[in-house]
Amino acid sequence: WPWPKSTLGLTAEFGEDGYCQKCAIPFEGNSGNLHLQRSGLTPTGAWLPYWRVDTICMDAATTEKVRSRFTVNLRPVLSPSGPLDGVTQLLIPSSRSPWFDQTELEVMEDKHGDFRGKTCPVCGRWRWRSLWWGKLPPILPDVDFEGGPAIAAPEWFGSGLSSYRPFVVKGELAELLVASSPRDFGILEPEELRGIAGTKPRWMP
């Protein structure tokens, strides 16, 4: 579990004023470190913390493999009592252009839930209801995923304090994370995400 559980770790990671305390969308990048509770945590391979489903954490061995092979931004993960033995968070930047057609998102919201996205009354930003791979429409064919081995959508989804961005991890980094935690992650081909034929490296959503 993220700590403190009451804020899903957002205060520790972004600071008191670094995220909207109504919809939980951060205003800027990380200013602190993600904290995870030690209880029930056995750091092995890679994983997503509870309720923080756009956050990848890695154990020390996986971190060293990633650090030696890829140019990525890694930040130490802490516990309330101190460091977590080499555990890190992979910081995933957001792309600039939309990933999804808004009309198609509205159709999928109607199909999979009884409520729709809305504008936050506090910060004024839009957040779609929770939709994940399999319920999202295909990614737009002209989206540019270049610039790094991991990238997140600019659109925000979620409910309560559980806000997130869909993301993909590409190519060799995706294969490394899947190999480290095959029960948690899998590979989809680009055409399965875009809805069109593609020849780019495989991605892990």
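Phenylalanine 100 is buried in this predicted model, with a relative accessible area of 4%. Its partner in an aromatic pair, phenylalanine 157, likewise counts as buried, at 0% relative accessibility. Both values fall under the 20% cut-off for burial.

A search of the whole structure finds seven aromatic pairs. A pair of aromatic rings is described by the distance of the centres and the angle of the planes. For phenylalanine 100 and phenylalanine 157, the centres are 6.2 Å apart and the planes meet at 90 degrees, an edge-to-face arrangement. Phenylalanine 100 belongs to the loop between strand 4 (82-91) and helix 3 (102-112), while phenylalanine 157 sits in strand 8 (residues 157-159), so the pair ties together parts that are 57 residues apart in sequence. Both residues also take part in a wider cluster, in which ring pairs link Trp99, Phe100, Trp132, Trp133, Phe157 and Tyr164.

Phenylalanine 157 leads on to serine 162, as the two residues touch. Serine 162 is placed in strand 9 (residues 162-164) and is buried, with a relative accessible area of 13%. Leaving aside residues up to four places away in sequence, serine 162 touches Leu8, Trp51 and Arg127 as well as Phe157. With tryptophan 51 there is also a polar contact: the side chain of serine 162 reaches the backbone oxygen of tryptophan 51 at 3.2 Å.

Another aromatic ring, that of tryptophan 1, has a charged neighbour. Here lysine 5 lies over the ring face, at 4.2 Å from the ring centre.

Notes:
Residues are numbered from 1 along each chain as its sequence is written. This is a predicted model: local features need pLDDT of at least 70, side-chain atom pairs count only at pLDDT 80 or more; totals for chains, interfaces and linings use all residues. Side-chain values use heavy atoms; hydrogens and water are left out. Helices (H or I, at least four residues) and strands (E, at least two) are DSSP runs, numbered from the N terminus. Buried means under 20% relative accessible area, exposed over 50%, partly exposed in between (1.4 Å probe, protein chains only). A polar contact is a pair of N or O atoms within 3.5 Å; within protein, one must be able to donate a hydrogen and the other to accept it, and residues adjacent in sequence count only if both atoms are side-chain atoms. Contact means heavy atoms within 4.5 Å. Rings of Phe, Tyr and Trp (its six-membered ring) pair if their centres lie within 6.5 Å; planes under 30 degrees apart count as stacked, over 60 as edge-to-face and the rest as tilted. A charge sits over a ring if NZ of Lys or CZ of Arg is within 6 Å of the ring centre and within 35 degrees of the ring normal.
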